[in-house]
Amino acid sequence: MWTVPLKAKDKLSALVGEADIAHDAIQISRHGPVAAVTMSANDLEFPTQACARCRLGIAEALVRDDADYADNSEQIRRWYGLM
């Protein structure tokens, strides 16, 4: 990954092409700090899909845990002295 200043915006098309060909993210800085990143859409696809699968897995686990709690709620309340 490398950084270019925002004033290089006249070269944006070339930078996007470079990111796509080299499969390297390019950081764009504005007055010093990095403000944005450009990268190949294909390179972005994998982490995006991985995050979606992770969120789905978490949602499924929560549903499963809720069902377990509902099935065992009386026993759980006894464990914690709530009955």
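A residue counts as buried under 20% relative accessible area, as exposed over 50%, and as partly exposed in between. Keep that scale in mind for the views below, which all come from a predicted model.

**View 1. The whole chain, with its helices and strands.** Let's start with the full picture: the chain has 83 residues, and its secondary structure adds up to 2 helices and 3 strands. Reading from the N terminus, the order of elements is β-α-β-β-α. Buried residues account for 13% of the chain. About 6700 Å² of the chain is exposed, and 59% of that comes from carbon and sulfur atoms. Take the contacts between residues at least 6 apart in sequence: 22% of them link residues at least 24 apart.

**View 2. His23, a loop residue with positive phi.** Here we zoom in on the loop between α1 (12–22) and β2 (26–29), where His23 sits. Phi of His23 is near 55°, so it has a positive value although the residue is not glycine. Why pause over that sign? Because most residues other than glycine have a negative phi. Is His23 buried, partly exposed or exposed? At 48% relative accessible area, His23 is partly exposed, because the exposed class needs over 50%.

**View 3. His31, another loop histidine with positive phi.** This close-up moves to the loop between β2 and β3 (34–38), which holds His31. Phi of His31 is also near 55°, again a positive value in a residue that is not glycine. With a relative accessible area of 80%, His31 is exposed.

**View 4. Thr38, a buried residue in strand β3.** Thr38 belongs to strand β3. Its relative accessibility is 14%, so Thr38 falls under the 20% cut-off and counts as buried. Which residues does Thr38 touch, leaving aside its neighbours within four places in sequence? The contacts are Val16, Ala19, Asp24, Ala25, Ile26 and Ile28. Two of these, Ile26 and Ile28, lie within the span of β2 (26–29), while Val16 and Ala19 lie within the span of α1 (12–22).

**View 5. A nonpolar patch on the surface.** Val34, Val37, Met39 and Leu44 make up this nonpolar surface patch. Together they have about 320 Å² of accessible area. One member, Met39, is in the loop between β3 and α2. Met39 is partly exposed, at 36% relative accessible area.

**View 6. Ala41 in helix α2, seen together with Ala19.** Ala41 is part of helix α2, and its relative accessible area of 60% makes it exposed. How far apart are Ala41 and Ala19 in space, C-alpha to C-alpha? The distance is 9.3 Å, for a pair that is 22 residues apart in sequence. Ala19 also appears in View 4, as one of the contacts of Thr38.

**View 7. A patch of negative charge.** Four aspartates, Asp65, Asp66, Asp68 and Asp71, gather in this surface patch of negative charge. Of these, Asp68 is placed in helix α2 (residues 41–79). Asp68 is partly exposed, with 39% relative accessibility.

**View 8. A salt bridge between Arg78 and Glu74.** Further along in helix α2, the side chains of Arg78 and Glu74 meet in a salt bridge, at 2.6 Å from N to O. How many salt bridges are there by this rule? The count is 1. Arg78 and Glu74 are 4 residues apart in the helix, which means that about one helical turn separates them. Glu74 is partly exposed, at 43% relative accessibility.

Definitions and conventions:
Residues are numbered from 1 along each chain as its sequence is written. This is a predicted model: local features need pLDDT of at least 70, side-chain atom pairs count only at pLDDT 80 or more; totals for chains, interfaces and linings use all residues. Side-chain values use heavy atoms; hydrogens and water are left out. Patches are made of residues with over 30% relative accessible area and no salt bridge: like charges are joined within 9 Å, nonpolar side chains (Val, Leu, Ile, Met, Phe, Trp, Tyr) within 5 Å. Accessible areas come from the Shrake-Rupley method with a 1.4 Å probe; for residues, only the protein chains shown count as cover. Lys and Arg count as positive and Asp and Glu as negative; His and the chain ends are not counted. The place of a charge is taken as NZ of Lys, CZ of Arg, CG of Asp or CD of Glu. Buried means under 20% relative accessible area, exposed over 50%, partly exposed in between (1.4 Å probe, protein chains only). Contact means heavy atoms within 4.5 Å.
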